[in-house]
Amino acid sequence: MNFQMKKIILLTSIFILSISCASKKSDNTTVDIQKYINTISSEELKTHLYIVASDEMEGRETGSEGQKKAGKYLISQYQKNKIPHPKGAKNYYQNIPAAFLNAKRNENLPDSENIWAFIEGSEKPNEIVVISAHYDHVGIKNGEIYNGADDDGSGTVALLEIAQAFAQAKKEGHGPKRSILFLHVTGEEHGLHGSRFYSENPLFPLVNTVADVNIDMIGRRDEAHANSNNYVYIIGSDYLSSDLYTICEETNKKHINLDLDYTYNDRKDPNRFYYRSDHYNFAKNGIPSVFLFNGTHADYHKATDEVEKIEFDALAKRTRYAFAIAWEIANRENRLIIDKDGK
Ligand SMILES: [Zn+2]
């Protein structure tokens with residue numbers, strides 16, 4: 001083959017390659033996303049939450065039999081939807097030894113587990129978007145079961161629905177370009193231990209982890225929104241990445257229409273919620289993170305945080321929002337820019 005010939009073949013193959021790239025770019029458009037947003041339903045969230053926040057799970061205390069039972073339910077749902085555990089893991093569990101859980105606060109917790117599931121990206125499989133929610137709660141106190149339907153049963157079942165939506169998209173040829181790790185962390189109520197363990201023992205390098213979308217309590221309303229549940233507090237979206245802030249804003253305008261409340265995003269807010277849920281263990285490592293939250297209410301950390309009080313229309317809408325944010329992060333051309341210092 002002569003040089004000229006080689007050149008022609010080379011040019012032809014570049015041309016074909018660029019056509020196929022261009023056609024790939026048109027995948028996962030607005031039309032597609034709306035279809036998958038719509039697969040997230042309040043009925044399915046309800047079915048899951050009546051199980052996850054039932055007395056049978058005994059308040060899901062870290063390391064308890066009840067929590068393990070809840071964990072088995074989560075895994076059964078991933079298996080049902082044919083969503084595997086991550087490559088490189090033996091199963092759906094990331095085991096956390098008691099010694100780690102007890103090191104910080106001198107407690108007496110048994111071993112526990114994070115639970116994970118994984119959808120591999122089609123174009124940038126090594127770039128990971130984490131979607132997290134804690135599945136532990138505070139267990140049984142004085143004979144009363146604390147079911148934690150909102151905290152964080154709501155986020156736990158949201159992850160199941162989001163995963164199902166991504167899996168459905170993938171089945172129909174619209175799988176995410178980047179990989180998605182669904183991470184149900186343990187030990188949150190004792191000090192964000194499960195997410196800290198993951199961040200210190202990450203399955204995928206943190207430098208390749210492009211974002212964390214964290215969900216902790218999205219099924220209720222607080223006093224400040226007594227007249228409407230059509231809102232969500234958004235915390236941390238602009239701390240590390242102006243891209244993440246823009247995505248959260250635009251995705252909402254385009255597809256969801258919740259009132260985004262930035263009250264707790266204020267660096268000086270005395271509640272310091274930014275430091276109080278699992279996304280913080282990603283954010284402190286420089287990973288752009290956003291925390292979706294409905295605020296506290298009279299049943300917060302009480303035995304009365306029951307599934308009967310969940311507003312499933314609000315839970316569905318906020319779950320759809322989290323899905324849409326993750327979809328955009330996973331499918332956009334460039335990974336999120338990091339242009340802020342996190343403070
Ligand atoms: Zn919580």
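The following conversation concerns a predicted model of one protein chain with a zinc ion.

Reader: What should I know about the numbering and the confidence limits?

Author: Residues are numbered from 1 along each chain as its sequence is written, and side-chain values use heavy atoms, with hydrogens and water left out. The model is predicted: local features need pLDDT of at least 70, side-chain atom pairs count only at pLDDT 80 or more, and totals for chains, interfaces and linings use all residues.

Reader: Which residues are the protein donors of the zinc ion?

Author: The donors are His 134 (NE2), Asp 151 (OD) and Asp 216, the last listed with two OD entries, at 2.0 to 2.6 Å from the ion. Donors here are N, O and S atoms within 2.8 Å of the metal (3.2 Å for Na, K and Ca); water is not among the atoms, so sites may look incomplete.

Reader: Why is the arrangement irregular?

Author: The four donor atoms subtend angles of 53 to 151 degrees, which makes it irregular. Four donors count as tetrahedral if all angles lie between 85 and 135 degrees; four count as square planar and six as octahedral if opposite donors are over 155 degrees apart and all others between 65 and 115; anything else is irregular.

Reader: Are His 134 and Asp 151 buried or exposed?

Author: His 134 is buried at 0% relative accessible area, and Asp 151 is buried at 2%. Buried means under 20% relative accessible area, exposed over 50%, and partly exposed in between (1.4 Å probe, protein chains only).

Reader: Changing topic, how many salt bridges are there?

Author: A search of the whole structure finds twelve. A salt bridge is a side-chain nitrogen of Lys or Arg within 4 Å of a carboxyl oxygen of Asp or Glu. One of them joins Lys 68 and Glu 113, with the closest N and O atoms 2.9 Å apart. That pair links helix 4 (residues 65–80) to strand 2, across 45 residues. Helices (H or I, at least four residues) and strands (E, at least two) are DSSP runs, numbered from the N terminus.

Reader: How covered are those two side chains' residues, Lys 68 and Glu 113?

Author: Lys 68 is partly exposed at 24% relative accessibility, whereas Glu 113 is buried at 11%.

Reader: And what about helix 7?

Author: Seven of the eight residues in helix 7 (residues 193–200) are buried, among them Arg 196, Phe 197 and Tyr 198. The buried residues pack against several elements, including strand 1 (93–96) and helix 9 (280–283); contact means heavy atoms within 4.5 Å.
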